[in-house]
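User: Please take a close look at one part of this model and describe how its side chains and strands are placed. A connected account would be preferred to a list.

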Amino acid sequence: MIQAMLAERPALDAKKFQNPTVTAKGEARAAVALAGLRTLWINTGSLCNIECDGCYIESGPKNDRLAYIARDEAAAFLDEIARDGLGTREIGFTGGEPFMNKDTAAMAGDALARGFRVLILTNAMAPLWQKRAAVADLARRHGKALALRVSIDHFTKDGHEAVRGANSWAPMMRGLKWLAGLDVTLSVAARQPVGETEAETRAGFAGLFAAEGIALDAGSPRDLVVFPDMDAARDVPEITTACWNILGVDPDSMMCATARMVVKRKGAAAPVVLPCTLLPYDHRFEMGPTLAGAGGPVHLNHPHCATFCVLGGANCSGGD
Ligand code: SF4
Ligand code: SF4
């Protein structure tokens, strides 16, 4: 229902999302406090081997606005988590396509060796295929503590390739089946197209998994994460402090209540911390170079906060 409403919206009102603490109507903007740093996302870089329609991070073979983060830069944040006892349980890797970064397998190995769970988002195409020896080695040493989530746009080849481009299905399926043979925690992330119900999306994936012999339960949100397909350029309401009660949404369920993301901007001397994976390019959301400085509240001053999080319920990452 919310999706149908959002799909019919006019273009975004330029007066909205300007003041960090006050909405265009003069109401107090909602903010989210950090309840605890459960997950630290490392953005490995914005380059991707393909260019999908509607990629929220605008990745592709030419977008290097987020540089490849280096192993020692990522390790400095793991050191900080240990030194300050932040209690972080999971390190996530997202891009772009994480396996485009030559250090990703080593960075994942560093995190696993320190006892973190690791989640890597991937399109499972050629960059993963080229790194499969390193991934298989991590799987042998760390098993289920290593999780990989493969993005598939639709359960049909045509639907997937309409977004991801011609000839993107077969290499993805080769990578997915290879991963399914490892002793890792595997999941799939899918988009739910406008006009298709979540039940239809899950039923379609159930058929695909059965046909391809992939042991994932399409009915389980753990095995199949379904994200609503929404256009962030459309108008959305700003989120005020009153919205939580009106909508019945818990601020602690927002990604920025339990996560942060580290990015290395092109040409920057060092990485910077952001509140979540969804706002990689908006400098207004930068929280400084360390986790210690990134513990403050996040004002929901971006259309994505409304579209993807508060209204859309997509409190997990995008990108791959
Ligand atoms: S959606 Fe994923 S695979 Fe597609 S361009 Fe973006 S990062 Fe790459
Ligand atoms: S996009 Fe979502 S997770 Fe990111 S700051 Fe806004 S509400 Fe928080």
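Analyst:
**Glu-73 and its surroundings**

The side chains of Glu-73 and Lys-264 are joined by a polar contact of 2.9 Å. The model is a predicted one, and every distance below is computed from it. Glu-73 belongs to helix H2. Its relative accessible area is 16%, and because the limit for a buried residue is under 20%, Glu-73 counts as buried. Apart from neighbours within four places in sequence, Glu-73 touches Lys-264, Ala-269 and Pro-271. Lys-264 thus appears both as the partner in the polar contact and among the contacts of Glu-73.

Helix H2 also has a place in a wider arrangement of strands. Together with strands S2 and S3, H2 makes a β-α-β unit, and this unit is right-handed. Strand S3 covers residues 90–94 and pairs with S2 in the parallel sense, over 5 bridges. Within this pairing, Thr-39 has Glu-90 of S3 as its bridge partner. S2 is also joined to strand S8, which covers residues 259–263; these two strands run parallel and are linked by 4 bridges. Here Ile-42 has Val-262 of S8 as its bridge partner.

How many of the residues of S2 are buried? The count is 5 of the 5, so S2 is largely enclosed by the rest of the structure. Both of its faces are covered. Thr-39, Trp-41 and Asn-43 are buried on one side, and Leu-40 and Ile-42 are buried on the other. Two of these residues have been met already: Thr-39 in the bridge to Glu-90 and Ile-42 in the bridge to Val-262.

Between S2 (39–43) and H2 (71–84) lies a loop, and Leu-47 is found in it. Leu-47 counts as buried because its relative accessibility is 17%. Its contacts, leaving aside neighbours within four places in sequence, include Gly-60, Pro-61, Lys-62, Asn-63 and Asp-64. Tyr-68, Gly-96, Glu-97 and Met-100 are also in contact with Leu-47. For Lys-62, the separation from Leu-47 is 15 residues in sequence and 6.6 Å in space, taken from C-alpha to C-alpha.

Charged pairs elsewhere in the model complete the account. Side chains of opposite charge can pair when their charged atoms come close. The structure holds 20 salt bridges. One of them links Lys-102 and Asp-103, with 3.0 Å between the closest N and O atoms. Lys-102 counts as exposed because its relative accessibility is 67%, whereas Asp-103 is buried, with a relative accessible area of 14%.

A further salt bridge joins Arg-141 to Asp-137, and here the closest N and O atoms are 3.1 Å apart. Both residues lie in helix H5 (residues 132–142), where they are 4 residues apart, about one turn of the helix. Arg-141 is exposed, with a relative accessible area of 53%, and Asp-137 counts as partly exposed at 29% relative accessibility.

Asp-282 and Arg-284 also meet through their side chains in a salt bridge, at 2.9 Å from N to O. Asp-282 is buried, with a relative accessible area of 16%, while Arg-284 is partly exposed, with a value of 46%. In addition, Asp-137, Arg-140 and Arg-141 are joined into one network by salt bridges that share partners.

Notes
Residues are numbered from 1 along each chain as its sequence is written. Chains are lettered from A and ligands numbered from 1 in the order in which they are written. This is a predicted model: local features need pLDDT of at least 70, side-chain atom pairs count only at pLDDT 80 or more; totals for chains, interfaces and linings use all residues. Side-chain values use heavy atoms; hydrogens and water are left out. Buried means under 20% relative accessible area, exposed over 50%, partly exposed in between (1.4 Å probe, protein chains only). Contact means heavy atoms within 4.5 Å. Two strands pair if DSSP finds at least two bridges between them. A crossover is right-handed if, with the strands pointing away from the viewer, the path from the first strand over the helix to the second runs clockwise. A salt bridge is a side-chain nitrogen of Lys or Arg within 4 Å of a carboxyl oxygen of Asp or Glu. A polar contact is a pair of N or O atoms within 3.5 Å; within protein, one must be able to donate a hydrogen and the other to accept it, and residues adjacent in sequence count only if both atoms are side-chain atoms.
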